[in-house]
Amino acid sequence: MAGADSVIASSGAANAYRNAGRGLTLCAMSLPVPNSLSPSKVSSFRSCPLAFRFSAIDRLPEIPTPWAVKGTLVHKALESLFWNAAPGKRSLAAGLESLDAAWHDSQDDPEVTGLNLDGAGADTMLREATKLIENYFSIEDPNEVTAIGVEITLEASVEGTRLRGIIDRLDLDQDGSLVVTDYKTGSAPRAGHEQARFEGVNFYALLCEEALGIRPTKVRLVYLKNPVVLTAEISEQSLRGLRKRTSAVWSAIQRACVTEDFRPKPSPLCPYCSFQAICPAFACTETGGSGEAGARGSGA
Ligand code: SF4
């Protein structure tokens, strides 16, 4: 059995962290830096660097969740509605048909099969997704929208950082300017907390400017659950701040890769984390430790 001074020369992240909890020593080794940054990766690193490492660098599998599957279904249904139905034909019935088709096409998807839904679970999933599509039609008439693209993948290099993102929908406003629309299937923010939610969609506006050479004038968050639309104007100042913050996150990721130092950051998100079983912070609290993760993770 390895002693306290043993060094793990090379091992998977899961074993390395399990062994770290048994008093072994991890040697510093440079980890591969991700090829690009997306809004979700930026958000993941900020939320918890260790969860980011497990997902974006070690590429450990994540547990499928009903809310992620529902979000994917609704995004696919709205993508199909705009792609396959011309203006004037984009009715609620067409939207629900698109949802049915997306559900049918997803039956062999590991994200869906991994949920092991029974008949009642599948009915609940479809009922809730249907409600989100109905809500969409209550806040926007898709026949009035001039969409010039849906699910557009854009990449650009910004201050040495490779940025990548998939834009739900890019629209032409009545004055010919570009508008970025992002669908959200989670809850809308409380009053006074809206600004932070724009970071991801502002990132898409930055990508448009860098990749297409045109800066969108507005970004929109379409919350389908509540339902409500939040809109913000894009300014040079807002994009300048975003460039700096993104560059700072990229530098922090590079430093963490060199030092192999991705620290756990316990938060109310821990109960939904796929990596609880191999997270030293979460394991500590499960065994009665005083870590912050357990207090929050147990819902206290
Ligand atoms: S359980 Fe919490 S602290 Fe641990 S990796 Fe997941 S999010 Fe981070």
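**Close-up views of a predicted model**

**View A. Surroundings of the ligand.** Domain 2 (37–60 + 146–263) and domain 4 (268–300) each contribute at least three residues to the shell around the ligand. The model shown here and in the views below is predicted. The ligand is surrounded by 15 residues, and the closest are Cys 48, Pro 264, Cys 270, Cys 273 and Cys 279. Two helices, H3 (49–57) and H10 (280–286), each supply at least two residues of this shell. Sorted by class, the shell has 13 nonpolar residues, one polar residue and one charged residue.

**View B. The chain as a whole, for orientation.** The chain contains 11 helices and seven strands. Of its 300 residues, 28% count as buried. Among contacts in the chain with a separation of 6 or more, 64% are between residues 24 or more positions apart.

**View C. The largest nonpolar core, with Ala 205 in the centre of attention.** In soluble globular proteins, nonpolar side chains tend to be buried together. The largest nonpolar core of this model has 53 residues. Ala 51, Val 74, Val 180, Val 201, Tyr 204 and Ala 205 touch the most other members of that core. Which residues does Ala 205 touch, not counting those up to four places away in sequence? They are Val 180, Arg 215, Pro 216, Val 219, Ile 234 and Leu 239.

**View D. Helix H4 and what covers its buried residues.** Helix H4 runs over residues 66–84, which is 19 residues. From its first C-alpha to its last H4 reaches 27 Å, close to the 27 Å expected at 1.5 Å a residue. The buried residues of H4 are Val 69, Leu 73, Val 74, His 75, Ala 77, Leu 78, Ser 80, Leu 81 and Phe 82. An α-helix has 3.6 residues a turn, so residues three or four places apart point the same way. The cover over the buried residues of H4 includes three helices, H5 (92–105), H6 (110–113) and H7 (119–139). It also includes three strands, E3 (147–158), E4 (161–172) and E5 (178–184). Val 74 appears in this view as a buried residue of H4, and it is also among the core residues that touch the most other members.

**View E. Backbone details at Asn 116, Glu 151 and Pro 227.** Most residues other than glycine have a negative phi, and most peptide bonds are trans. Asn 116 is not a glycine, yet it has a positive phi of about 50 degrees. This residue lies in the loop between H6 and H7. Is Asn 116 buried or exposed? Asn 116 counts as exposed because it has 8 C-beta neighbours inside 10 Å, and the cut-off for exposed is 12 or fewer. Glu 151, also not a glycine, has a positive phi of about 50 degrees. Glu 151 lies in strand E3. It counts as partly exposed, with 16 C-beta neighbours inside 10 Å. The peptide bond from Asn 226 to Pro 227 is cis, and its omega is near -15 degrees. Pro 227 sits in the loop between strand E6 (218–223) and strand E7 (228–233).

**View F. Leu 117 in the loop between H6 and H7.** Leu 117 counts as partly exposed because it has 16 C-beta neighbours inside 10 Å. Leaving out residues up to four places away in sequence, Leu 117 touches Ala 122 and Met 125. Leu 117 and Pro 66 are 51 residues apart along the chain, and their C-alpha atoms are separated by 9.2 Å.

**View G. Thr 217 in the loop between helix H8 (199–212) and E6.** Thr 217 has 16 C-beta neighbours inside 10 Å and so counts as partly exposed. Where is Ile 234 in relation to Thr 217? The two are 17 residues apart in sequence and 5.2 Å apart in space, C-alpha to C-alpha. Not counting residues up to four places away in sequence, Thr 217 touches Asp 173, Ser 177, Leu 178, Val 179, Glu 233 and Ile 234. Ile 234 is also one of the residues touched by Ala 205.

**View H. Glu 194 in the loop between E5 and H8.** With 14 C-beta neighbours inside 10 Å, Glu 194 counts as partly exposed. It touches Pro 189 and Leu 230, not counting residues up to four places away in sequence. Between Glu 194 and Ala 232 there are 10.0 Å in space, C-alpha to C-alpha, and the two are 38 residues apart in sequence.

**View I. Pro 271 in the loop between helix H9 (236–259) and H10.** Pro 271 is partly exposed, with 13 other C-beta atoms within 10 Å. Pro 271 and Phe 282 are 11 residues apart in sequence, and 9.2 Å apart in space from C-alpha to C-alpha.

Conventions. Residues are numbered from 1 along each chain as its sequence is written. This is a predicted model: local features need pLDDT of at least 70, side-chain atom pairs count only at pLDDT 80 or more; totals for chains, interfaces and linings use all residues. A residue is near a molecule or strand if its C-beta atom, placed from the backbone, lies within 6 Å of it. Helices (H or I, at least four residues) and strands (E, at least two) are DSSP runs, numbered from the N terminus. Ala, Val, Leu, Ile, Met, Phe, Trp, Tyr, Cys and Pro count as nonpolar, Asp, Glu, Lys and Arg as charged, and the others, Gly among them, as polar. Domain bounds come from an automatic or database domain assignment. A nonpolar core is a set of buried Ala, Val, Leu, Ile, Met, Phe, Trp, Tyr and Cys residues joined through C-beta atoms within 7 Å. A residue is buried if 20 or more other C-beta atoms lie within 10 Å of its own, exposed if 12 or fewer, and partly exposed in between; C-beta atoms are placed from the backbone. Two residues are in contact if their C-beta atoms, placed from the backbone, lie within 7 Å. The expected span of a helix is 1.5 Å times one less than its number of residues.
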